Amino acid sequence: MGKKYAIGIDYGTESGRALLVDIETGAEVATYVTPYTHGVIDEALPGSGVKLEHDWALQHPGDYLDVLKQSVPEVLRMAGAQPDDVIGIGIDFTACTMMPLDRDGMPLCLLPRWRDNPHAWVKLWKHHAAQDEASRINELAGERGEAFLARYGGKLSSEWMLPKAWQILNEAPDVYEHTDMFMEAADWVVMQMTGQLVRSSCTAGYKGTWHKRDGFPSQAFLRALDARLSSLADEKLRGPVVPLGAKAGELSEAMAAAMGLRPGTAVAVGIIDAHAMVPASGVVSPGKLVLAMGTSTCHMLLSDREVHAEGIAGVVEDGIVAGYYGYEAGQSAVGDIFAWYVEEAAPAYVKQQAAEAGVGVHEWLEREASSVRPGENGLLALDWWNGNRSVLMDADLSGVIVGLTLQTKPEHIYRALLEATAFGTRSIIEAFTSGGIAVDELYACGGLPQRNRLLMQIYADVTGREIKVANSTQTAALGAAMFGAVAAGAEAGGFDSIVEAASRMARVREETFKPIPEHVQVYDLLYREYTELHDYFGRSGNDVLKRLKAIKSGYAQA
Ligand SMILES: Nc1ncnc2c1ncn2[C@@H]1O[C@H](COP(=O)(O)OP(=O)(O)O)[C@@H](O)[C@H]1O
Ligand SMILES: O=C(CO)[C@@H](O)[C@@H](O)COP(=O)(O)O
């Protein structure tokens, strides 16, 4: 029998990547990235040029289909694989990345009547303009003692489905009215491939406030929020919610032709990108915190107990691996903060010296920052460049750096930003442990661990824990491919469970990052200061960040 492959397609923030994986060995045979033509739309709509307000982040659904049509044939070509060799496809996606569809499943933004209306477009996970709606949902759910709230750490994020759908209703009631269904992009792409309306229990559970036994928030709650919302769950979020690991359907004739695959190939239920990385890091049992580190960081943990605590962005039964409660927490910006510094704030001489040294700006800054000892830069930063998703769950917060002097150098600031994200991760670990969920080991995956060794050493030093690193550089795509192999099933040459797939296809590197005791000591002191600053700016010690935002928003509305 010839080789059998699964394809994983990872839909990130800026691009989509297909990965062809050998099912027998987990070897990553070929990978191809298709950048989204329209990227992240955060200033003006393509075509019409309609301006967007602060905190908006949209995408073009056509870009997702381009990934299927370009990246998939390309990996087959690169590997010299035949369509019959591919037994399953899985996709992972950023979430909550949602869109309004008409009765034919067409995204409204693709229809001439709606394309000039920003609310007709895909709202990307980091669209943060629904904070008012999120705050009101949290307030009312708290007053009514709604059971769902506790599963989301006491606060829904403005990134989640409910605030985003309500923002559409508030600001564009005609778009809301015309919407037949709201759908996660992950589910929409699966529907394009298979023709089946299937909602993933992972996206619905973490981002749609859906629960295995209780379903979506009740009609009574939705009505109390806004009478016009009362049928949201029954109508616009309708459709079967299907568990992870299941087959969503089979590749249609038309899509098989477009993707260069065999019609009937098994297609898995979609999964959130970060969550796909858990089994792809070899983690299928409790106590192992997985840090999916990229543009943002998501922290995932399995447990056999359900607890509710501040700082846990979501707990979903069977949400990652069947049989366990899957916990998620997260930082809305990590790599994005470093990118901001490199692109917007690093002085020209840094870029010039990096170019002269023949290295990238990140690499140059990493090298310079490596010779700064912990605490030596005299700086401390709060990692809220894109708001705070755990522990405070507040998109209106913004970044802070204290301790700047005339002697401060770019590498000092860069290091302070790396450290700030590590402190943010430590506060999430402490939220888990003080909530009663054990964190015994740390696993890192995603794009960052492979790119920045200093960052990983700082994480080991700040957390005081050894960090294992997933072997794959495309952890999310590997996880998606593993789910594709499970959707195909053992009879077709795949697997019957994700646990089996992980034992065959996933592994960690031999090298780990170990904490350096002297660094740990200094970072313990600095973490105490971080916590002070965190509570001062984040827990109403001083609302200056919100007042600044209000003044800024005044200009946007003028
Ligand atoms: N050497 C580096 N050091 C720190 N951050 C980096 C480095 N190279 C890239 N980044 C950041 O990593 C992020 C991309 O991470 P990746 O995991 O590839 O993407 P995504 O999270 O969208 O899937 C970007 O925000 C980028 O700025
Ligand atoms: O919110 C989640 C997962 O819950 C992610 O999709 C989101 O943070 C985006 O992740 P990336 O950093 O772009 O991989």
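## A buried lysine

Lysine 207 is buried, because its relative accessible area is 1%, and buried means under 20%. The structure described here is a predicted model. Lysine 207 belongs to helix H7, which covers residues 201–207. The side chain of lysine 207 makes a polar contact of 3.3 Å with the side chain of glutamate 328.

Both lysine 207 and glutamate 328 are also listed among the closest residues to ligand 2. The next section therefore turns to that ligand.

## The surroundings of ligand 2

Which residues are closest to ligand 2? They are Thr13, Lys207, Asp273, Ser296 and Glu328, out of 13 residues that surround the ligand. Sorted by class, this shell holds 4 nonpolar, 5 polar and 4 charged residues.

Side chains of three residues can be followed to oxygen atoms of ligand 2. For glutamate 328, a polar side-chain atom lies 2.4 Å from an oxygen atom of ligand 2. For aspartate 273, an N or O atom in the side chain is 2.8 Å from an oxygen atom of the ligand. For arginine 389, the distance from a polar side-chain atom to an oxygen atom of ligand 2 is 3.2 Å. On its own, ligand 2 has 370 Å² of accessible area, and the protein covers 93% of that area.

## The surroundings of ligand 1

Ligand 1 is surrounded by 15 residues, and the closest are Thr295, Gly335, Ala339, Gly447 and Asn452. The shell is made up of 5 nonpolar, 7 polar and 3 charged residues. Three helices each supply at least two residues of this shell: H12 (335–345), H14 (361–370) and H16 (448–451). Which helix gives the largest share? It is H12, with 4 residues.

Backbone atoms also lie beside oxygen atoms of ligand 1. A polar backbone atom of glycine 447 is 2.9 Å from an oxygen atom of the ligand. The corresponding distance is 3.1 Å for a polar backbone atom of glycine 335, and 3.2 Å for a backbone N or O atom of aspartate 336. The protein covers 78% of the 590 Å² of accessible area that ligand 1 has on its own.

## The N-terminal domain and strand E1

UniProt, in an unreviewed entry, lists residues 5–275 as "domain: Carbohydrate kinase FGGY N-terminal". This span is 34% helix and 21% strand, and its end C-alpha atoms lie 21 Å apart.

Strand E1 runs over residues 5–11, and 7 of its 7 residues are buried. In a regular strand, side chains alternate between the two faces of the sheet. In E1, Tyr5, Ile7, Ile9 and Tyr11 point one way, while Ala6, Gly8 and Asp10 point the other way. Strand E1 has pairing partners that include E5 and E2. With E5 (residues 86–93), E1 pairs in the parallel sense over 7 bridges, and alanine 6 stands opposite glycine 88. With E2 (residues 15–22), E1 pairs in the antiparallel sense, also over 7 bridges, and glycine 8 stands opposite leucine 19. E1 and E2 form a hairpin with 3 residues between them.

## The C-terminal domain and strand E14

The UniProt record, again an unreviewed entry, places "domain: Carbohydrate kinase FGGY C-terminal" at residues 290–488. The span is 43% helix and 19% strand, with its end C-alpha atoms 26 Å apart.

Are the residues of strand E14 (residues 288–293) buried or exposed? Of its 6 residues, 6 are buried. Lys288, Val290 and Ala292 lie on one side, and Leu289, Leu291 and Met293 on the other. Strand E14 is joined to E20 (residues 441–445) by 5 bridges, and these two strands run parallel. It is joined to E15 (residues 297–303) by 4 bridges, and these two run antiparallel. Alanine 292 stands opposite cysteine 445 in E20 and opposite cysteine 298 in E15. A hairpin through 3 residues links E14 to E15.

## Methionine 99

Methionine 99 lies in strand E6, residues 98–101. It counts as buried because its relative accessibility is 0%. Methionine 99 and proline 517 are 418 residues apart in sequence. In space, their C-alpha atoms are 48 Å apart.

How values were computed
Residues numbered from 1 in each chain as written. Chains lettered and ligands numbered in written order. Predicted model: local features only at pLDDT ≥ 70, side-chain atom pairs only at ≥ 80, totals over all residues. Heavy atoms only, no water. UniProt positions renumbered as here; feature names shortened; annotations may be inferred. Near = heavy atom within 4 Å. Polar contact = N/O pair within 3.5 Å; in protein donor to acceptor, adjacent residues only side chain to side chain. Areas by Shrake-Rupley, 256 points an atom, 1.4 Å probe, with all protein chains shown as cover. Nonpolar A, V, L, I, M, F, W, Y, C, P; charged D, E, K, R; others polar. Buried < 20%, exposed > 50% of the residue type's maximum accessible area, 1.4 Å probe, protein only. Pairing = 2+ DSSP bridges.
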